[in-house]
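Got the viewer open? Let's take a short walk through this model, one selection at a time.

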Amino acid sequence: MNVRTTAAAVFKAACPDCRGCFELAAGALRLAIGASHRTTFYSFTCPDCGSAVRKPAGERIVELLTGGGVRTLRLHSTV
């Protein structure tokens with residue numbers, strides 16, 4: 001019998017407020033993809049201090065997060 005197991009994706013992150021470094025599961029992150037690099041970001045809550053953290057996400061970060069199962073929100077322009 002051949003059993004395959006898939007490890008859950010874990011991402012390294014850091015908090016700019018408390019400077020804590022930690023690992024987060026995909027479910028702890030959110031990715032927002034906007035029309036430009038200024039409106040594309042990922043966010044999470046720091047497990048150490050509870051701060052809401054928002055960081056820019058370039059193309060490579062978007063690929064890694066979406067490939068790792070992070071919930072993604074596509075932002076649409078109202079203009």
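Start by selecting Phe-22, Tyr-42 and Phe-44: together they make up one aromatic cluster. Keep in mind as you look around that this is a predicted model.

**Inside the cluster**

How many aromatic pairs does a search of the whole structure turn up? It finds two. For one of them, keep Phe-22 and Phe-44 lit up: their rings meet edge-to-face, with 5.9 Å from centre to centre and 75° between the planes. Now colour by secondary structure. Phe-22 belongs to strand β2 (residues 21-25) and Phe-44 to strand β4 (residues 41-45), so this pair ties together parts that are 22 residues apart in sequence.

Next, swap Phe-22 for Tyr-42 in your selection. The rings of Tyr-42 and Phe-44 have planes at 20° and centres 6.3 Å apart, so this pair is stacked.

Are these rings buried or exposed? Turn on the surface and check each one. Phe-22 counts as buried, at 12% relative accessibility. Phe-44 is buried as well, at 5%, and Tyr-42 is also buried.

**A charge over a ring**

Now select Phe-41 and Arg-54. Arg-54 lies over the face of the Phe-41 ring, 3.6 Å from the ring centre.

**On to a loop**

Jump to Val-70, which you'll find in the loop between α1 (59-67) and β6 (71-74). Val-70 is buried, with a relative accessible area of 5%. Which residues does Val-70 touch, leaving aside neighbours within four places in sequence? Select Phe-11, Ala-26, Leu-29, Arg-30, Leu-31 and Leu-65 to see those contacts. Then draw a distance from Val-70 to Ala-28: C-alpha to C-alpha they are 8.1 Å apart in space, while 42 residues separate them in sequence.

**Zoom out**

Finish with the whole chain in cartoon view. You should see one helix and six strands, and following the sequence gives the pattern β-β-β-β-β-α-β. Of the 79 residues in the chain, 30% are buried. If you show contacts between residues at least 6 apart in sequence, 45% of them join residues at least 24 apart. Last, bring up the surface of the full chain: about 6000 Å² is exposed, and carbon and sulfur atoms supply 52% of that.

Conventions: Residues numbered from 1 in each chain as written. Predicted model: local features only at pLDDT ≥ 70, side-chain atom pairs only at ≥ 80, totals over all residues. Heavy atoms only, no water. Phe/Tyr/Trp six-rings, centres within 6.5 Å; stacked < 30°, edge-to-face > 60°. Helix = DSSP H or I, 4+ residues; strand = E, 2+ residues; numbered from the N terminus. Buried < 20%, exposed > 50% of the residue type's maximum accessible area, 1.4 Å probe, protein only. Lys NZ or Arg CZ within 6 Å of the ring centre and 35° of its normal. Contact = heavy atoms within 4.5 Å. Areas by Shrake-Rupley, 256 points an atom, 1.4 Å probe, with all protein chains shown as cover.
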